[in-house]
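Q: I'd like to zoom in on a single part of this model instead of touring the whole thing. Can you walk me through it and its surroundings?

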Amino acid sequence: MIDNIYKSQKLADVCYDIRGPVMEEARRLEEEGFRVLKLNIGNPAPFGFDAPDELFHDVILNMRNAQGYSDSKGLFSARKAVMQHYQKRGLLDVQIDDIYIGNGVSELISMSMNALLNNGDEVLIPAPDYPLWTASVSLSGGTPVHYMCDEQSDWQPDVADIEKKITDKTRALVVINPNNPTGSVYSRDVLQQLYNLAARHKLMLFADEIYDKILYDDAEHVSLATLGEEVFCVTFNGLSKAYRAAGFRSGWMLLSGPKLRARDYIDGLDILANMRLCSNVPAQYAIQASLGGYQSINDLVLPGGRLREQRDLAYRLLTDIPGVTCVKPRGALYLFPRLDPEKLPIANDQEFILRLLIEKRLLLVQGSGFNWPGTDHVRVVFLPDKDTLIDAIGRLRDFIGKYQGD
Ligand code: PLP
């Protein structure tokens, strides 16, 4: 007799819907020969956004040097490039040993939570969020506590809501800026309030800044860790977005602030970094080339740049749909429109997205997949070219028209 094999109970509250059940359905449709328009994943390269040439050059040139494991925290040259990059931005006390290279920011998010949390420890995470944060807290035995970002104020974090939710179990505050899924870029003033709040309540800060160079209009990115010296901060960034090399799986995290106070936590990080030996070494050779070279992302986000034009087009087409409003994103690769619940009541947004997929062959992600408490938002990726965006948003418009009429 074969006993059933069950997944771990640790996964009971773990959810990552960006690649969830709806994506399975999309795969099934594709296997049947249908073309599905996928505006669901922030993966630049397949949409024709190639990584800069110098990345390939350095990786290929160093392939023979990349056969063995590296130091578990990463190659000296890569970490030095990261260190100098942040020193230039005003983080003066950063040393090589404060930097860990990972297989993408994803691995480091999960490591940073595993090293910190005991069962029941709470971590404040934005709603909406990039859901890996919530999933990683849950998987580490912690309790994610979501604070609201305010759509009426360009999706800036609601500082009063954060303060209300701090308890004696709160360990840390997560800030995702520029934000996925809202595209919001936080003001210096709000960031300073968040920093001061963390200082007052002796919380540590996790700053996910993977979109820090994908900025539109007059948006300015301020690194949270540069706003003071009294809070222990972990800052995350990598090659997946601004350098369009998501498949390389290369990212880093950087420790700053009162490191002596965090000695024991850092010991935990070192144990976990040692246990996974090191991150993919060939991809580590792309880091120095990326940070030091010509920042070609600027050509994409400045006026006339492809990303900027696609953002403008997608924003215009979406907000032309009756019942749809949207805060114009000033960073990242996403729009997070609101579908007016008065005109378009959606009981279950996953079912809504599934129906959209089946009827219109268009794949988006439901707002609840980003731990948004309502069913009135979807996330739209604006990486596809203009013709595809026109086609895709046209399909959404038709679907909404029909849905309203149902
Ligand atoms: N953080 C945010 C806010 C993201 O949007 C993503 C990917 O979409 C990641 C982290 C993970 O990035 P990586 O490819 O470096 O694992």
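To start with strand E8, which residue stands opposite Asn237 in E9?

A: It's Trp252 that stands opposite Asn237 across the E8 and E9 pairing. Before going on, two housekeeping points. Residues are numbered from 1 along each chain as its sequence is written. This is a predicted model, where local features need pLDDT of at least 70 and side-chain atom pairs count only at pLDDT 80 or more, while totals for chains, interfaces and linings use all residues.

Now for E8, which covers residues 233-238 (strands are DSSP E runs of at least two residues, helices H or I runs of at least four, numbered from the N terminus). Six of the six residues in this strand are buried, so E8 is largely enclosed by the rest of the structure. Buried here is 20 or more other C-beta atoms within 10 Å of a residue's own; exposed is 12 or fewer, partly exposed in between, with C-beta atoms placed from the backbone. In a regular strand, side chains alternate between the two faces of the sheet. In E8, Cys233, Thr235 and Asn237 point one way, and Val234, Phe236 and Gly238 point the other way. Whichever way they point, all of these residues are buried.

What sits on either side of E8? On the E9 side (residues 251-256), six bridges hold the pair together, and the two strands run antiparallel; two strands pair if DSSP finds at least two bridges between them. Besides the Asn237 and Trp252 match, Phe236 stands opposite Met253. On the other side, E7 (residues 204-208) is joined to E8 by four bridges, and this time the strands run parallel. There, Leu205 stands opposite Cys233.

Step back a little, and E8 turns out to belong to an open sheet of eight strands with mixed pairing, in the order E2-E9-E8-E7-E6-E3-E4-E5. The edges are taken by E2 (99-102) and E5 (156-157), each of which pairs on one side only.

Following that order past E7 brings us to E6 (residues 170-176) and then E3. E6 and E3 run parallel and share three bridges, and Glu122 of E3 has Thr170 of E6 as its bridge partner. E3 (residues 122-127) is mostly covered too, with five of its six residues buried. The other neighbour of E3 is E4 (residues 143-150), paired in the parallel sense over six bridges; in that pairing, Pro126 has Tyr147 as its bridge partner.

The loops leaving these strands have some backbone oddities you may want to click on. Back at E8, the loop leading on to E9 holds Arg244. The phi of Arg244 is near 55°, a positive value in a residue other than glycine. Arg244 is buried, because 24 other C-beta atoms lie within 10 Å. Leu277 makes a nice contrast: its phi is also positive, about 65°, and Leu277 isn't a glycine either. Leu277 comes just after H8, in the loop between H8 and H9 (281-292). However, Leu277 counts as exposed, since it has 10 C-beta neighbours inside 10 Å.

Then there are the cis peptide bonds. One joins Ala127 and Pro128, with omega about 0°, and Pro128 lies in the loop between E3 and H5. Another joins Asn177 and Pro178, with omega about -10°; Pro178 is found in the loop between E6 and H7 (188-200).

Finally, the ligand. There are 13 residues around it, and those coming nearest are Gly104, Val105, Ser106, Tyr130 and Ser240. A residue counts as near a molecule if its C-beta atom, placed from the backbone, lies within 6 Å of it. Helix H4 (residues 104-114) supplies the largest share of the shell around the ligand, namely three residues.

One last spot, away from the strands: Ser77 lies in helix H3 (residues 76-88). With 14 other C-beta atoms within 10 Å, Ser77 is partly exposed. Ser77 and Asp154 are 77 residues apart in sequence, and their C-alpha atoms are 39 Å apart in space.
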